[in-house]
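Welcome! Take a moment to look over the sequence and the 3D view, and then use the notes that follow as a guided tour.

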Amino acid sequence: MAYLTTQPYKGTRDFFPEDMRFREAMFAVMHRVVRQYGFDQIDAPIIEPVDLYLAKTSEEIVGQQIYSFKDRGDRLVAIRPEMTPTVARMVAARFQETPKPVRWYSIPNVWRYEQPGKGRLREHWQLNCDIFGAASEKLADLELLNLAVDLLRGYGATGQHFKVYLSHRSILNGVLGGELKLPPEKWPNVARIMDKRAKVKPEAYSAMLEAEGVTALQKAELDFFLLEKLDYLKKKYHLEGAEYVIELMQALETLGLGEFIEYDPGVVRGFDYYTGLVFEVFDNHPDNRRSLFGGGRYNNLVGAFGKETLNAVGFGMGDVTLEDFLRTHKLLEDQPRRVELYIAVLDEKLATHALQLAAQLRQRGKTCEISLGAAKLGKQFQEAEKKQIARVIILGEDEVASSVYTVKTLATGEQLKLKAEEI
Ligand code: HAM
């Protein structure tokens, strides 16, 4: 008989206890930092009508990466490839009664049919933080960028470990359309080539641009734009978004965030819904130089659900890339089990007493396991040790009679005689 496989579905992970402990430790920092910023947690179903993604998510995701199927009622549904359309839907659903600005976060699992590789899987968990309806978009952008930095600082990371690169959607459009005078239908391809610039040889980069009909003169302008960075913007103040980015960078400097954040005109994010600020957070480590997470401003998504609209800015931070980052820099390591006590039972007749003692200890907030069988004492000690339990309570006839227990610390061998309420 052929056995069933024990492997999980391609590109997904089982979370064994040690994996769960690591994940929970990662999430604990997220909850703590995000709540310090006043964010409320939300959640939603993993399945949505596929229409939700057709209008606004990127062509790559809808065309190639979405998990979709017909349900038994003939509705075409999708497993969420991202959370943003759902969050926008929920904001629109409670538009009137929710106090603005809205600060919501969630840690959903999301699914994309990708070729699995380092930092890229088919299911990942993604911290989403979004602010809707701020009277000042600039303040909301600053607050969100500060949160992005503080999240990584929450794990002990510093400016040496990561950098946030930001840009503005309008600037790129203004350069491609206004300065290079390229027709709008060429913009997406040229942007995609720009995105590849750091990953290919200069000749290959030039060849790709040439194939798109970009002339040498146009390429020279593009080079100025990409290399001179803020200086280019200062010269081209008329470009939509230029003044905004210059002011944003000045404010970030004043906030002491200058060392973490840089303007990089090469930041091109894949989603169609971004309308202003866009940013990507990069790992500085040479072995792991990749985008950790990203986000941006999307002012038109809530308006898709009704006539009321709200501006919005947010980001999504994936657990896979974050774990790589934390492990590469040794910022978070494997987490030990945290069971404090093990009750070893000398004789099975005493099992009821062991259960009573365990109940008493748990009532007082202690964590404890008890021996669940008639193994010899040595075996029970081994079990406690394998399970990383720090202390063993030994329960024999004398202990039951006197209600005084021997508590042994495994690491040191130290033994104490204690009453139940003293343990
Ligand atoms: P995204 O850039 O597609 O943006 O994903 C955000 C983050 O999720 C990535 O930077 C990465 O950490 C993680 N991620 C994405 N795809 C994968 C994958 N296949 N495997 C592992 N990790 C992955 C969004 O999804 C936007 N909805 C974020 C957002 C929220 N924008 C505004 N609010």
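In this predicted model, Gln-380 is found in helix H14, which covers residues 377-386. Is Gln-380 buried or exposed? Its relative accessible area is 0%, and buried means under 20%, so Gln-380 counts as buried.

**Around Gln-380**

- The side chain of Gln-380 reaches out to the backbone oxygen of Val-345, at a distance of 2.8 Å.
- If you set aside neighbours within four places in sequence, Gln-380 is in contact with Tyr-342, Ile-343, Ala-344, Val-345, Ser-371 and Ala-375.

**Around Leu-346**

- Leu-346 sits in the loop between strand S13 (341-345) and helix H13 (351-363).
- With a relative accessible area of 49%, Leu-346 is partly exposed, because that class lies between the 20% limit for buried and the 50% limit for exposed.
- Apart from neighbours within four places in sequence, Leu-346 is in contact with Leu-377, Ile-394, Leu-395 and Gly-396.
- Try finding Leu-346 and Gly-378 in the view: they are 32 residues apart along the chain, and 10 Å separates their C-alpha atoms.

**The ligand and its shell**

- How many residues surround the ligand? There are 25, and the closest are Glu-82, Thr-84, Glu-114, Tyr-274 and Leu-292.
- The side chain of Glu-82 has an N or O atom 2.5 Å from a nitrogen atom of the ligand.
- Asp-130 also takes part through its side chain, where an N or O atom is 2.8 Å from a nitrogen atom of the ligand.
- Leu-292 uses its backbone instead: an N or O atom there lies 2.7 Å from an oxygen atom of the ligand.
- On its own the ligand has 660 Å² of accessible area, and the protein covers 93% of that.
- Which elements give two or more residues to the shell around the ligand? They are strand S7 (123-132), strand S11 (291-297), strand S12 (312-318) and helix H12 (319-328).
- Sorted by character, the residues of this shell divide into 9 nonpolar, 10 polar and 6 charged.

**Aromatic rings**

- A pair of aromatic rings is described by how far apart the centres are and by the angle of the planes.
- The structure holds 13 aromatic pairs.
- In one of them, the rings of Tyr-273 and Tyr-298 have centres 5.5 Å apart and planes at 55°; this pair is tilted because the angle is neither under 30 degrees (stacked) nor over 60 (edge-to-face).
- This pair links distant parts of the chain, as Tyr-273 and Tyr-298 are 25 residues apart.
- Tyr-273 is in the loop between strand S9 (261-263) and strand S10 (277-283), while Tyr-298 is in the loop between S11 and S12.
- Both Tyr-273 and Tyr-298 are buried.
- Elsewhere, ring pairs link Tyr-9, Tyr-67, Trp-111 and Tyr-113 into a cluster.

**A buried lysine**

- Lys-163 lies in strand S8, residues 162-168.
- Is Lys-163 buried or exposed? Its relative accessibility is 18%, and the limit is under 20%, so Lys-163 counts as buried.
- A polar atom of the Lys-163 side chain lies 3.4 Å from the backbone oxygen of Glu-259.
- Leaving out residues up to four places away in sequence, Lys-163 touches Glu-259, Phe-260, Ile-261, Glu-262, Glu-280, Val-281, Phe-282 and Asn-284.

**Backbone details to look for**

- Most residues other than glycine have a negative phi, and most peptide bonds are trans.
- Lys-100 and Pro-101 are joined by a cis peptide bond, with omega about -10°.
- Pro-101 has its place in the loop between helix H4 (84-93) and strand S5 (102-106).
- Lys-181 is not a glycine, yet it has a positive phi of about 55°.
- You will find Lys-181 in the loop between helix H6 (169-179) and helix H7 (187-196).
- Lys-181 has a relative accessible area of 63%, and exposed means over 50%, so Lys-181 is exposed.
- Lys-229, another residue other than glycine, also has a positive phi, near 50°.
- The loop between helix H9 (216-228) and helix H10 (230-235) is the place of Lys-229.
- At 28% relative accessibility, Lys-229 counts as partly exposed.

Technical notes: Residues are numbered from 1 along each chain as its sequence is written. This is a predicted model: local features need pLDDT of at least 70, side-chain atom pairs count only at pLDDT 80 or more; totals for chains, interfaces and linings use all residues. Side-chain values use heavy atoms; hydrogens and water are left out. A residue is near a molecule or strand if one of its heavy atoms lies within 4 Å of it. A polar contact is a pair of N or O atoms within 3.5 Å; within protein, one must be able to donate a hydrogen and the other to accept it, and residues adjacent in sequence count only if both atoms are side-chain atoms. Accessible areas come from the Shrake-Rupley method with a 1.4 Å probe; for residues, only the protein chains shown count as cover. Helices (H or I, at least four residues) and strands (E, at least two) are DSSP runs, numbered from the N terminus. Ala, Val, Leu, Ile, Met, Phe, Trp, Tyr, Cys and Pro count as nonpolar, Asp, Glu, Lys and Arg as charged, and the others, Gly among them, as polar. Buried means under 20% relative accessible area, exposed over 50%, partly exposed in between (1.4 Å probe, protein chains only). Contact means heavy atoms within 4.5 Å. Rings of Phe, Tyr and Trp (its six-membered ring) pair if their centres lie within 6.5 Å; planes under 30 degrees apart count as stacked, over 60 as edge-to-face and the rest as tilted.
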